[in-house]
Structures are given as C-alpha cells and as structure tokens.
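Subject: Model handover

Hi,

Here is the structure I said I would pass on. Have a look at it first, and then read my notes underneath.

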Amino acid sequence: MTHLRGEDITREHDCRVDVAIVGSGPAGSTVAHDLTRRGLRVAVIEAGPWREPGDFPLDTFESMGRDYRDMGASVTVGSAPIPYVQAKLVGGASPINGAICWRMPRDVYDEWVARDRRLAEGLPWEAIEAHTDAIEALLDVRDTAAEVRGRKAELMALGADALGLRHRPIRRNVTGCEGLGRCMQGCPKGRKNSVDRALLQPAIERGALLISSMEVAEVLVERGRAVGLRGKAAGGGRVTVRADRAVVLAASAVQTPALLLSNGLRGGPVGEHFQCHPGVSAAGRFREPVRMWEGATQGHEVTGLRHEGLKFETLGFGLGLLASRLPGTGRAFADRVAEMAHWLDWGVAVRAEAEGRVRVLGGRTVVFYSPTPRDIARFRRGVRVMGDMFFAAGAETVDAGVRGFSHDLRSPLELAPIERGGPTSAAAFTAAITHMFGTCRMGSDAEASVVGTDFAHHRIARLYIADSSVFPSNLGVNPQVSIMALAAIAAARVAGEGPRA
Ligand SMILES: Cc1cc2nc3c(=O)[nH]c(=O)nc-3n(C[C@H](O)[C@H](O)[C@H](O)COP(=O)(O)OP(=O)(O)OC[C@H]3O[C@@H](n4cnc5c(N)ncnc54)[C@H](O)[C@@H]3O)c2cc1C
C-alpha cells in the first residue's frame, strides 16, 4: 500500500505507471478502483490531504478553511456573486458532502440521447444501471433510518403531505449513522462510506499509488499524446508522473477545464456550457424547539416537483454557520441567536437552464455564471413552496431568505408575492452551488464537444476526462452516484474495453 504525503516530498520525485489520474473525488476514485481491479498500475494525484475521521473539526468555518478550496469562498462572477463550493481533500467532496445518493434519472438520460444519438452507444442505459447497482452496493446506499432523520424530516413530510407533494427518506451512503448532523464537516465517527474509504483505499491496497497534497500544474503532452503529469508537492518537491497508457482528468467540472486551459489545451468548447443546481434556502420558525442540528444532516426530500426542476431537502448546518446567516444586529441579533433552536432551514436544488463558463485569468480560475430570468422564476417558486410547506407543518413565521421581504413572514398570503412579483435578480436570494457539470462536454461532434462518447479527448491521444465536466447537461438530482457510474464506464474505456459492466 503506497500513500506519499505531499508534505513529505521535499525533493524531486519521478515515477512511472500505466495510468495517471488527477483528482481523488467520486470520479477519480472510481477510475482508480476499477483500473486496479483490472491489474493496471495507477497513480492518483490529489491536491488536498488525507483525513481520518478524528481529523474532522467540529467548527464549520475551520472545516471550510482546511478542506475546501479557497476556504470555501469561491464565488461566481455574473449578475450576482453565488458561492460555489469545491472540496480539496482526498476523496474530493465525498467525505464532506451530504451523502445523498440518486441514480441517474432516465428522463435526463433520454434528453441527452435525443440531443446526440451516438451517446446511446457510448453510454448504454443498461451499463449505467449495472454500474450504479455495483456502486450502490460498494457504498451501502440505503434509506436514512427513521430514528436518525430528526424532527426536521418529520416536519418536511408533514408539509409535503399537506401540499400533496411526493416525498421520501433520502437514500445515503452511510452505515450506522448516529444523526450527529456533521456530514458537511466530515463524519467524526467514520460512518459515511465516502469514496476515499470505499473505493480508493481498496485501490491502494491493490497497489495504486496515492500522492496527496500535490497540485498538478502540467499535463505533459508529447507528439499529440498525453504522457504524464507534473506538479509541486506541498513539501516543495517537484513530482513527475509518467503514464505509459493514459492520463485521466477527474479534478471536477471547474478544475478539469481550468487545468486544460492553463496548459493551453483549448481544443473544443473547454470551459463552456458550465451548468449547475443553485441551491436556494429558506427557514421556518416553530413554537417548539426543533434543533435543526440534530439528526442526519440531510435525511428527507420532496421529489414531487422534480418535473419543474425543483427538489427540496432538509438541511443541517453547524451552529456557527447558522448564526452567521441570521439577520439583524445588536439586541435583535442576540434575540435571534437565543431562539436558534426553533428555526429549521430547508433547501431547494434548482435545475437551472443557464450556462456559464470557466476561464483562467491571470492564473486564477474564474466561473462566469448568471441565472436566466426563467431560473430566477424557479428560485421564487421554490422559496414559495418551501414557505408553504413550513406553514403547513406548523411554522409560526418564515424567513424566505429573499432580500426586500420581511424575515418574519406570518402567513402563506404574505409569502405568495415572492412567487408572483418577487425579485428578478439572483442577488436577492440565499443561494450556493455544490453540483457542477458540462465544461468539457461529451459528444460525437468534435467541434461541439471536448471528449468523444468513449471519454477520450477528441484531439489529444491517451487523454481521458472522467468527471462531470463531460455531462451534456445538469441532472436536477444529486450527482455523485451518476458521476461514479459514468466514471466506471470511462475506466472501462481506458482499459480498452466496451462500456458494459
Ligand atoms: C458541500 C457539498 C455537499 C454535496 N452534497 C452532495 C450530496 O449529498 N449528494 C451528491 O450526490 N452530491 C453532493 N455534492 C456534489 C458531489 O459531491 C460532487 O458532484 C462530486 O464530489 C464531484 O465529484 P468529482 O470527482 O468530479 O469532483 P470532486 O469531488 O470535486 O473531486 C475533485 C478532486 O480533485 C482535486 N483536484 C482538483 N484540481 C486538482 C489538481 N490540479 N491537482 C490535483 N488534484 C486536484 C480536488 O482537490 C478534489 O479533491 C456535494 C458537494 C458539496 C461541495
């Protein structure tokens, strides 16, 4: 088992493998897992450090400072600054995400194939399903148990029933959850089956080399073929990894195009078509204490409006983050803090139609993104439905998180104007982005896409892209399992096989 900590690499270091992978998130870990099972020599290079469950801090801001890129403070540039959250640790966002697992929706797949028929050959539905079955088994995906769902889930179920909306316990990759509500800082009990533990660890045991705390800066290309990677380890040593068979980029839908662009590898629409699911949140105040920090971070969801591009989820944040989002100053703020146990936050993931772009300017990665008017209308509708669910579940007041509206809306009547005549700017909403797609699109037309339906770069031989950069569009649901299913197909392609499981 080989894990080189970048902090310990102080001198020049060279190595040679069959396949070099950038990034150890759901995409990179899946590729490493599947290729080592086929007996290939693999190196995974990860910018962030390895974390043990005991390393995860209690404090949200400390967690963001340590385990998120840019301390969790990356924001889009466009009509409104919207935070987009990128992990930087072994396992990518998997150890610090909400653990929500969704299979790839068939309706989204059909949209993709309608757009480009050749996708059906590269990504056969049966192969996606078979890989998803295998991934769900590896991650032990199961319904969140009733005893750890928390009061927030019971109230969401009540609100959804009252509105006649379909809802269900969230399926998660967690075994033996104790409902500590700390998924997004990393589970201190190690109960989340994140990819670092479930896929990368077995790959390392089979001989994969993991180099952590090393940012890849160069994709080495010789005579039109990708031959390796180079970067600097945290300890200062320069590392070169030569790859005899393939280089796989799995650095995320923001960092993969950034790496290509900063290396001058601009063929095709690199960085274009950035899509995401802006997550918009709202809060409800209940007479009884509801303690949103108790119970699984995200244990229940409302799926009944997915056809409108809206999916609602319970949320659980650390107290520090919660407090930082409360309105008011002085005495009014202190009063809000004192009654924090009575507030619940829910979120809606919006399948936004807007397309942005990733660029590298002066060495910095910039995401240009502006939701369209139709997207903002979805934000308004999502907030209204959340508010209605809060009231139906017994909330006394609702803070829709929409600037220009009271923090203490007292009835559905006061809430309704948000949907009908509310703000038309994204800046008015409390939003963040955690699901990103599309920046190195897959397709059969080499002018309109970056990789072919076999995940291979159209212009550079032996270069593959395996993360959600290749997705032809966003999904409208939580993407990690779909990312892994497609990465498993990418691994088969790298190994020279067909897409089937
Ligand atoms: C807070 C949060 C909560 C989320 N909750 C859920 C959820 O509940 N369910 C769900 O399905 N999805 C969720 N997501 C989204 C999901 O986690 C991501 O879509 C998924 O992790 C993306 O996988 P990836 O492998 O493409 O990229 P990532 O997980 O981002 O991994 C990429 C890795 O590559 C590394 N890297 C980047 N550039 C370089 C470089 N140049 N050199 C070396 N390494 C590099 C990064 O450090 C990172 O570790 C959440 C995301 C976040 C941030």
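Below is what turned up, going from the domains to the spaces between them and then to a few local spots.

Keep in mind that this is a predicted model. The domain assignment splits the chain into domain 1 (18-68 + 84-141 + 185-239 + 246-273 + 436-457 + 470-494) and domain 2 (143-181 + 276-433). Taken over C-alpha atoms, their centres are 28 Å apart. As for how they meet, 46 residues of domain 1 are in contact with 34 residues of domain 2.

Now the cavity. Searching the whole structure for cavities of 30 Å³ or more gives one. The largest cavity holds about 120 Å³ of space, and 16 residues line it, with C177, E178, L180, C183 and C187 the closest to its centre. Where does the largest cavity sit relative to the two domains? Domain 1 and domain 2 both give residues to its lining, so the cavity lies between them. By class, that lining is made up of seven nonpolar, three polar and six charged residues.

Then there is the second largest pocket, at about 250 Å³. It is lined by 18 residues, and E111, G309, R351, R378 and N474 come closest to its centre. The lining of this pocket counts 10 charged residues, six polar and two nonpolar. Both domains take part here too: domain 1 and domain 2 each supply at least three residues to the lining. Helix α3 (residues 106-115) gives the most, with three residues.

Next, helix α1 (residues 26-37), which I went through in some detail. With 12 residues at 1.5 Å a residue, α1 should span 16 Å, and the 17 Å between its end C-alpha atoms agrees with that. Is α1 enclosed or open to the outside? Of its 12 residues, 11 are buried, so α1 is largely enclosed by the rest of the structure. The buried ones are P26, A27, G28, S29, T30, V31, A32, H33, D34, L35 and T36. What do they pack against? Their partners are the strands β2 (13-22), β3 (42-45) and β10 (238-249), along with the helices α5 (125-139), α8 (195-205) and α14 (480-494). After α1 comes G39, which has a positive phi, near 85°.

One of those partners, β2, contains D18. Buried or exposed, at 15% relative accessibility? D18 counts as buried, because the cut-off for that is under 20%. Leaving out residues up to four places away in sequence, D18 touches L40, R41, A243, D244, R245 and A246.

Last spot: F390, in helix α12 (residues 373-392). F390 has a relative accessible area of 0%, so it is buried. Not counting residues up to four places away in sequence, F390 touches A282, A283, G284, F286, L344, D345, W346, A395 and V398. Take G284 from that list: F390 and G284 are 106 residues apart along the chain, yet 5.7 Å separate their C-alpha atoms.

If you want somewhere to start, open the model at the cavity between the two domains, then move on to α1 and the elements packed against its buried residues.

Cheers

How values were computed. Residues are numbered from 1 along each chain as its sequence is written. This is a predicted model: local features need pLDDT of at least 70, side-chain atom pairs count only at pLDDT 80 or more; totals for chains, interfaces and linings use all residues. Side-chain values use heavy atoms; hydrogens and water are left out. Helices (H or I, at least four residues) and strands (E, at least two) are DSSP runs, numbered from the N terminus. The expected span of a helix is 1.5 Å times one less than its number of residues. Buried means under 20% relative accessible area, exposed over 50%, partly exposed in between (1.4 Å probe, protein chains only). Contact means heavy atoms within 4.5 Å. On a 1 Å grid over the protein atoms alone, a cavity is a set of points where a 1.4 Å probe fits but cannot get out, and a pocket is an open set with protein on both sides within 12 Å along at least five of seven lines; lining residues have an atom within 4 Å of a point. Grid points are joined across faces, edges and corners, and a volume is the space filled by probe spheres set on the points. Ala, Val, Leu, Ile, Met, Phe, Trp, Tyr, Cys and Pro count as nonpolar, Asp, Glu, Lys and Arg as charged, and the others, Gly among them, as polar. Domain bounds come from an automatic or database domain assignment.
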